[in-house]
Amino acid sequence: MATMRAVQVEQLRKPMEVREIPIPEIGDEDVLVRITASGICRTDWHVWNGDWTWAGLNLPIPITLGHEIGGVVERIGSGVTRLKPGMRVCVPFNYADGDCPYCRNGMQNLCDNAAWGFTTPGSGGFAQYARVPNADLNCIELPENVTEKDAAALGCRYMTSYRAVRSRARVQAGEIVVVVGAGGVGLSAVQIAAATGGLVIAIDTKESALRSAERAGARHVINSAGLSPEDLRESVTKIVGSKGAEVAIDAMGGQNTTLTALHTLAKGGRLCVAGLTTQDDQGQIQIPIDQMVFNEWSLVGTLGNPHSQYPDLLRLVDSGTLQPSKLISEEISLSDVQSVFDRIPSFETEGFVVVTDFQ
Ligand SMILES: [Zn+2]
Ligand SMILES: [Zn+2]
């Protein structure tokens with residue numbers, strides 16, 4: 001039986017090893033993708049850490065994580081019509097069925113029967129090959145100038161920020177946009193909001209992350225170490241005037257960052273939350289609801305990016321308006337994945353770390 005190298009989770013929170021395991025079998029509607037670039041997202045670490053069990057996540061172990069996949073179609077099932085072997089593709093982290101009321105409306109990110117790449121056996125990205133189910137929908141062909149590394153960057157964090165900035169927060173040219181957290185999602189949001197014409201202020205506790213935010217297009221940065229949400233509002237208004245920001249993006253999720261983001265808003269401001277909570281908050285935070293009423297603040301969540309919106313996103317990458325692979329900070333091999341996980345809790349990784357060596 002043909003085998004492949006894959007990084008396997010055999011027990012939660014126990015170091016992962018590279019194993020030789022069978023190459024996944026594919027069904028009629030599936031394709032097998034030879035992975036050439038695979039991003040390491042904080043979500044992979046959360047899942048390995050046993051988070052989100054409070055939200056019903058139950059990991060089928062042993063499993064291979066990784067859900068930001070760029071690669072080349074290797075084999076197609078007999079029912080696949082749109083994809084051909086040799087096509088370069090991006091694989092969104094959320095697999096949709098194409099059939100439920102949300103999918104039929106173009107909202108594949110809200111699919112009633114959604115599956116995630118990293119919880120679907122055989123579909124994890126930290127491996128040489130991945131099976132993509134319902135592939136005519138869930139694999140997206142790359143235009144000429146979009147690299148497989150771009151595709152890996154687009155698989156989760158960048159596309160999440162694209163939807164947050166463009167569709168959910170609806171950033172307009174000239175608006176002041178505060179981005180809280182300058183990790184993968186945050187730097188993506190900075191780059192996309194700046195390319196949309198927003199005046200971006202990035203907030204983080206790490207100087208090096210703030211320098212990355214400047215390179216991604218932030219006009220101003222604020223180091224929030226030791227500052228309360230009220231202090232931060234003062235720092236923001238010093239920069240942009242007493243009104244505050246029209247838009248805030250919480251790129252982390254959790255009591256601290258959500259409150260910080262909320263307090264930077266002008267009256268009528270929009271907060272978009274693009275991150276999930278951790279063990280600290282376990283899905284519950286407190287918000288100042290009276291202030292939300294008095295200030296007419298709105299708060300929206302955002303989840304992934306519908307497959308129907310990929311053509312617009314890919315066009316902007318193809319033309320060079322958006323440059324996701326500029327956010328790649330490190331290229332590593334499969335055997336380095338665990339050591340990257342070890343650095344994630346203390347926020348020692350920056351931007352996108354991408355596996356590009358699968359040998
Ligand atoms: Zn659906
Ligand atoms: Zn992710």
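# Tour from I203 outward

Select I203 first: I203 is buried, with 29 other C-beta atoms within 10 Å. Buried here means 20 or more other C-beta atoms within 10 Å of the residue's own, exposed means 12 or fewer, and partly exposed is in between, with C-beta atoms placed from the backbone.

The model is predicted, and local features need pLDDT of at least 70, side-chain atom pairs count only at pLDDT 80 or more, and totals for chains, interfaces and linings use all residues. Residues are numbered from 1 along each chain as its sequence is written, while chains are lettered from A and ligands numbered from 1 in the order in which they are written.

**Stop 1: strand β11**

I203 belongs to strand β11; widen the selection to residues 199-204. Helices (H or I, at least four residues) and strands (E, at least two) are DSSP runs, numbered from the N terminus. How much of β11 is buried? The count is 6 of the 6 residues, so β11 is largely enclosed by the rest of the structure. In a regular strand the side chains alternate between the two faces of the sheet. Here L199, I201 and I203 are buried on one side, and V200, A202 and D204 are buried on the other.

Now show what surrounds I203. Leaving out residues up to four places away in sequence, I203 touches V178, V179, V180, I222, S224, L232 and T260. Contact is a matter of C-beta atoms, placed from the backbone, lying within 7 Å. For a distant reference point, label F93: its C-alpha is 27 Å from that of I203, and the two are 110 residues apart in sequence.

**Stop 2: the strands on either side of the pairing**

Add β10 (176-180). β10 and β11 pair in the parallel sense over 5 bridges, where pairing requires at least two bridges found by DSSP. V178 has I201 in β11 as its bridge partner. Between these strands comes helix α5 (residues 184-195), and the three elements make a right-handed β-α-β unit. Right-handed means that, with the strands pointing away from the viewer, the path from the first strand over the helix to the second runs clockwise.

Next add β12 (residues 220-223), which pairs with β11 in the parallel sense over 4 bridges. A202 has V221 in β12 as its bridge partner. The route from β11 to β12 passes through helix α6 (residues 207-216), and this β-α-β crossover is right-handed.

**Stop 3: helix α8**

Select residues 255-263, which form helix α8; T257, T258, T260, A261, L262 and H263 are its buried residues. These pack against β10, β11, α7 (229-240), β13 (245-250) and β14 (265-273).

**Stop 4: domains and cores**

Colour the chain by domain: domain 1 is 3-156 + 305-357 and domain 2 is 170-301, with bounds from an automatic or database domain assignment. Their centres, taken over C-alpha atoms, are 27 Å apart. Across the boundary, 13 residues of domain 1 are in contact with 17 residues of domain 2. The domain 1 side of this contact divides into 8 nonpolar, 2 polar and 3 charged residues. Ala, Val, Leu, Ile, Met, Phe, Trp, Tyr, Cys and Pro count as nonpolar, Asp, Glu, Lys and Arg as charged, and the others, Gly among them, as polar.

The largest nonpolar core has 103 residues, and V31, V33, V177, V179, V190, A202 and I249 have the most contacts inside it. Such a core is a set of buried Ala, Val, Leu, Ile, Met, Phe, Trp, Tyr and Cys residues joined through C-beta atoms within 7 Å. Helix α4 (residues 148-168) supplies the largest share of this core, 10 residues. Both domains give residues to this core, so it lies between them. Another core, of 5 residues, lies apart from it and includes Y95, A96, C103 and L137.

**Stop 5: loops**

- P62, in the loop between α1 (42-48) and β4 (68-76): the peptide bond from I61 is cis, with omega near 0°.
- N134, in the loop between β8 (129-132) and α3 (135-138): phi is near 45°, positive in a residue other than glycine. N134 is buried, with 21 other C-beta atoms within 10 Å.
- E296, in the loop between α9 (289-295) and β15 (298-301): phi is positive, about 50°, although E296 is not a glycine. E296 is exposed, with 12 other C-beta atoms within 10 Å.
- M107, in the loop between α2 (101-104) and β7 (115-116): M107 is partly exposed, with 17 other C-beta atoms within 10 Å. The C-alpha atoms of M107 and P306 are separated by 5.2 Å, although these residues are 199 residues apart along the chain.

Technical notes:
Contact = placed C-beta atoms within 7 Å.
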